[in-house]
Amino acid sequence: MTATPSPDAPAGAVTDAKAADALRAARQARMQAGLKRRYAYDRLFRLSGFAAVAFSVLVLAFLLVSMGSNGLAGFHRTDVRLTIPVKGQLLIDPARLAQADPLAALDSAGLPLVIDTAAEEQLGHGGAALLGPAAWRDAGRKLVAEPSLLDKDKIDLSLPASDDVANAMRGSGDPALLANVGTLAKAGKIARVFDWGFLARSDATSPQVVGIWGALKGSMMTMLITLVLAFPVGVLAALYLEEYATKNRWTDLIEISINNLAAVPSIIFGLLGLAVFLGLFPNWRSAPIIGGMTLALMTMPVIVISGRNAIKAVPPSIRDAALGIGASPVQVVFNHVLPLALPGILTGTIIGMARALGETAPLLMIGMRAFVASPPGDITSPSSVLPVQIFLWSDEIDRGFIERTSAAIVVLLIFLLVMNGLAIYLRNRFEKRW
């Protein structure tokens, strides 16, 4: 409220009152201006945060849409549809298909010739050349899976086309072949179909018959070995350093070394695996066990650091209460501290395993870039992994391999999401509040 001087007040008092009013008004104006600036900064900060989140969502959406659209084409292949005679043409005992090497028996029985003859009759002159070189093997695997088909007069097959036909279906290649393929496509003899076999086959020299199962199985084996080696060792190291080790210059040196190891480029761990693990086990080159041990070295520092932070975050009152009711130090650690720190430890493990899943450089150093045409039988068998398989396919010129690369990236992303989802479930399952 503004002070009103009395009419009988001295002139000096009137002047002082007006000066006080002016000073008060100026102070209020400054306060209002300051509040406006603070509110403006607050709005700007919230707008900046919203813009950052929106930009991140747009980038993620662009990545998923682009990978999904390209990957969708990679899950398809060009097939040639034929009807082949079986009964009376393939002279083979159905029981032979249950024995060793049934495809060799079908080859001897003349299955490739029967398929080539049917292609020439149904697709016109040169029809056999429209089929992929291993098309008869697809037919043979179907007969092996269903031996009863040998008793039928004719069976309908959808067999992989050659790479030239696949490129013609994409609109590139020789004009004469483009016209022929277009005519056959209109007649329903050639079509692009969803290739479920992409998830069940292994690497090959043709994009029409490649698959991701060999690399996917190798990745699962490698990640399992990495987890089995890195998780218990990393957690026990974190427990010892945080709960038992005395604080001196040696433990400080160990802590600095672990922090530095977490920042070492991954290819250095590949060189270490090449020098140490392959030096000790030269016959296990390209094997998941060597890849798992190499990635375990890279993942372990991340687990140790996150584990120490999670253990340190457990309130001291938990330890004091457990000791107060007679628990031993070991019981305090494993029955109280570790269960409460486990969600934070699993978070660090998720980060470390996700990084290991996408690594290529260290696995290239230990030879996991070999051409492996069959899935690994065990952890000592030669194998590839998804990131390396993607790297190798992306280096091919054929457009079919580019599409397969996008499809493999989609499989890798799904594998990563499933692995992270499982880890998040376990983290929430063991999470406790205090």
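At 37% relative accessibility, Asp42 counts as partly exposed, a class that lies between buried (under 20% relative accessible area) and exposed (over 50%), as evaluated with a 1.4 Å probe on protein chains only. The structure is a predicted model, in which local features require pLDDT of at least 70 and side-chain atom pairs count only at pLDDT 80 or more, whereas totals for chains, interfaces and linings use all residues. Residues are numbered from 1 along each chain as its sequence is written, and side-chain values use heavy atoms, with hydrogens and water left out.

The partner of Asp42 in a salt bridge is Arg46, with the closest N and O atoms 3.3 Å apart; a salt bridge is defined as a side-chain nitrogen of Lys or Arg within 4 Å of a carboxyl oxygen of Asp or Glu. Arg46 is exposed, its relative accessible area being 55%. Both Arg46 and Asp42 belong to helix α1, where a separation of 4 residues corresponds to about one turn of the helix. Helices (H or I, at least four residues) and strands (E, at least two) are DSSP runs numbered from the N terminus.

Over the whole structure, 12 salt bridges are found. Side chains of opposite charge can pair when their charged atoms come close. Asp195 forms a salt bridge with Arg404, the closest N and O atoms lying 3.0 Å apart. This pair links distant parts of the chain, 209 residues apart, with Asp195 in the loop between β3 and α7 and Arg404 in helix α15 (residues 399-430). Asp195 and Arg404 are both buried. In a further salt bridge, Arg319 and Glu243 bring their closest N and O atoms to 2.8 Å. Here too distant parts of the chain are linked, since Arg319 lies in helix α11 (residues 316-324) and Glu243 in helix α7, 76 residues apart. Arg319 is buried, at 16% relative accessible area, while Glu243 is partly exposed, at 24%. In addition, Arg77, Asp79, Asp138 and Arg141 are joined into one network by salt bridges that share partners.

Asp138, a member of this network, is also one of the buried residues of helix α4 (residues 135-145). The others in that helix are Ala135, Trp136, Ala139, Gly140 and Leu143. The cover over the buried residues of α4 includes β1 (76-85), α2 (102-108), α3 (111-123) and β2 (154-160).

Aromatic pairs were searched for throughout the structure, and 6 were found. Phe75 and Phe198 form one such pair, edge-to-face, at 5.5 Å centre to centre and with 90 degrees between the planes. Phe75 lies in the loop between α1 (11-74) and β1, and Phe198 in the loop between β3 (190-194) and α7 (213-244), so the pair ties together parts that are 123 residues apart in sequence. Phe75 is buried, with a relative accessible area of 12%, and Phe198 is buried at 0%. The rings of Phe281 and Trp284 have centres 4.7 Å apart and planes at 15 degrees, so this pair is stacked. For these assignments, rings of Phe, Tyr and Trp (its six-membered ring) pair if their centres lie within 6.5 Å, and planes under 30 degrees apart count as stacked, over 60 as edge-to-face and the rest as tilted. Phe281 is partly exposed, at 32% relative accessible area, and Trp284 is partly exposed as well, at 26%. Phe75 and Phe198 also belong to one aromatic cluster together with Phe194, Trp196, Trp393 and Phe401.

Ser266 is located in helix α9 (residues 266-280) and is buried, with a relative accessible area of 13%. The side chains of Ser266 and Glu359 are joined by a polar contact of 2.9 Å. A polar contact is a pair of N or O atoms within 3.5 Å; within protein, one must be able to donate a hydrogen and the other to accept it, and residues adjacent in sequence count only if both atoms are side-chain atoms. With neighbours within four places in sequence left aside, Ser266 is in contact (heavy atoms within 4.5 Å) with Met298, Arg355, Glu359, Ala361 and Pro362.

On the surface, Leu236, Tyr240, Tyr244, Val330 and Phe334 form a nonpolar patch with about 500 Å² of accessible area together. Elements giving two or more residues to the nonpolar patch are α7 and α12 (329-357); α7 gives the most, with 3 residues. Tyr240 is placed in helix α7. Patches are made of residues with over 30% relative accessible area and no salt bridge, like charges being joined within 9 Å and nonpolar side chains (Val, Leu, Ile, Met, Phe, Trp, Tyr) within 5 Å. Accessible areas come from the Shrake-Rupley method with a 1.4 Å probe, and for residues only the protein chains shown count as cover.
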